[in-house]
Amino acid sequence: MKKIFSIGLFLSVFFFAFVANATDNFEYIPYVGIDYGYVDAKTSYAKPSYHLLNLNVGTKYNQNFGTEAFFTQSSSDTTKIDDSKKFKTSYRAYGLDVFAYLPLGCYKTFELFGTIGAGEYVFESKLNKDRHNTESAFGYRFGGGFIYNIDENISFKAVMRYIDLNDISKVNHLYEYSLGLRYYFY
């Protein structure tokens with residue numbers, strides 16, 4: 001419970017700081033996005049990999065800061081334990097990320113960014129034809145990447161992210177690589 005409170009407090013302080021900065025600059029740009037991703041997981045029994053679809057809604061408060069809410073659904077991964085046993089896993093996640101942007105070039109066509117956030121990850125696993133086992137925990141997300149602004153409303157985004165999962169028994173951490181599109185509402 002202390003983790004949830006401290007993460008909420010941390011994110012709300014950032015959110016209110018960004019909102020205050022946005023009202024001074026009179027810039028507030030909401031957007032929606034969709035990403036395709038690939039995830040390598042480090043677990044205690046194998047190294048599963050997942051394909052994922054990430055939907056997100058966010059805003060840029062000025063040219064340097066923004067926030068984004070996300071929902072992720074992964075494909076399933078099947079690992080053979082032996083000739084008669086198969087272990088099938090998948091996950092979904094949702095949460096909030098904070099972004100710091102660095103515009104590059106005269107026309108700000110390219111942007112580098114760093115991101116930090118938190119989300120709840122819900123893993124489902126199934127051994128052969130047994131019932132599904134569900135386990136959930138908070139994941140801390142750290143990443144970076146670049147954005148190419150195609151025009152005023154559409155941009156292309158590439159991200160590499162490390163996700164630390166402390167409270168899930170069989171999954172240690174995830175490496176997420178994603179490509180996506182954003183549509184800005186100017």
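A residue counts as buried when its relative accessible area is under 20%. Keep that cut-off in mind as you click through this model, which is predicted.

**Stop 1: phenylalanine 99**

Select Phe99. Is this residue buried or exposed? Its relative accessibility is 1%, so Phe99 counts as buried. Now add Tyr101, which is buried as well. Turn the view until you can see both rings: their centres are 5.8 Å apart and the planes meet at 10°, so this pair is stacked.

Next, add Phe113. This residue comes in at 7% relative accessibility, so Phe113 is buried too. The rings of Phe99 and Phe113 make a tilted pair, with 5.4 Å from centre to centre and 55° between the planes. Colour the strands and you'll find Phe99 in strand E5 and Phe113 in strand E6, so the pair ties together parts that lie 14 residues apart in sequence.

Leave those three selected and add Tyr31. Phe99, Tyr101, Phe113 and Tyr31 are among the eight residues of one nonpolar core, which is separate from the largest one.

**Stop 2: the whole chain**

Zoom out and switch to a cartoon view. What does the secondary structure of the chain come to? You should find one helix and nine strands. Follow the chain along its sequence and the helix comes at the start, with the strands after it. Of the 186 residues, 39% count as buried. The chain also brings together residues from far along the sequence: take the contacts between residues at least 6 apart, and 57% of them join residues at least 24 apart.

**Stop 3: the largest nonpolar core**

Now select Tyr91, Tyr121, Phe123, Leu165 and Leu174. These have the most contacts inside the largest nonpolar core, which has 15 residues. Which elements give two or more residues to this core? They are strands E1 (29-43), E2 (49-60), E5 (86-104), E6 (110-127), E8 (154-165) and E9 (171-184).

Stay with Phe123 and show its neighbours. Leaving out residues up to four places away in sequence, Phe123 touches ten that you can pick out one by one: Tyr50, Ser90, Tyr91, Asn133, Thr134, Glu135, Leu165, Ile168, Val171 and Leu174. Then show rings alone: Tyr50, Tyr91, Tyr121 and Phe123 are linked by ring pairs into a cluster. Across the whole structure, a search finds 13 aromatic pairs.

**Stop 4: the cavity**

Keep Phe123 on screen and add Ser125, Glu135, Lys170 and Val171. Among the 14 residues that line the largest cavity, these five are the closest to its centre. The volume of this cavity is about 130 Å³, and the search of the whole structure finds one cavity of 30 Å³ or more. Strands E5, E6 and E7 (133-149) each give two or more residues to the lining, and E7 gives the most, with three. What classes make up this lining? Seven residues are nonpolar, five are polar and two are charged.

**Stop 5: the largest pocket**

For the last stop, select Glu27, Ile29, Lys60, Gln63, Pro103, Lys108, Glu111, Asn149, Asp151, Glu152, Tyr184 and Tyr186. Together they line the largest pocket, whose volume is about 230 Å³. Try colouring them by class: you'll get four nonpolar, two polar and six charged residues.

Note on methods:
Residues are numbered from 1 along each chain as its sequence is written. This is a predicted model: local features need pLDDT of at least 70, side-chain atom pairs count only at pLDDT 80 or more; totals for chains, interfaces and linings use all residues. Side-chain values use heavy atoms; hydrogens and water are left out. A nonpolar core is a set of buried Ala, Val, Leu, Ile, Met, Phe, Trp, Tyr and Cys residues joined through side-chain atoms within 4.5 Å. Buried means under 20% relative accessible area, exposed over 50%, partly exposed in between (1.4 Å probe, protein chains only). Helices (H or I, at least four residues) and strands (E, at least two) are DSSP runs, numbered from the N terminus. Contact means heavy atoms within 4.5 Å. On a 1 Å grid over the protein atoms alone, a cavity is a set of points where a 1.4 Å probe fits but cannot get out, and a pocket is an open set with protein on both sides within 12 Å along at least five of seven lines; lining residues have an atom within 4 Å of a point. Grid points are joined across faces, edges and corners, and a volume is the space filled by probe spheres set on the points. Ala, Val, Leu, Ile, Met, Phe, Trp, Tyr, Cys and Pro count as nonpolar, Asp, Glu, Lys and Arg as charged, and the others, Gly among them, as polar. Rings of Phe, Tyr and Trp (its six-membered ring) pair if their centres lie within 6.5 Å; planes under 30 degrees apart count as stacked, over 60 as edge-to-face and the rest as tilted.
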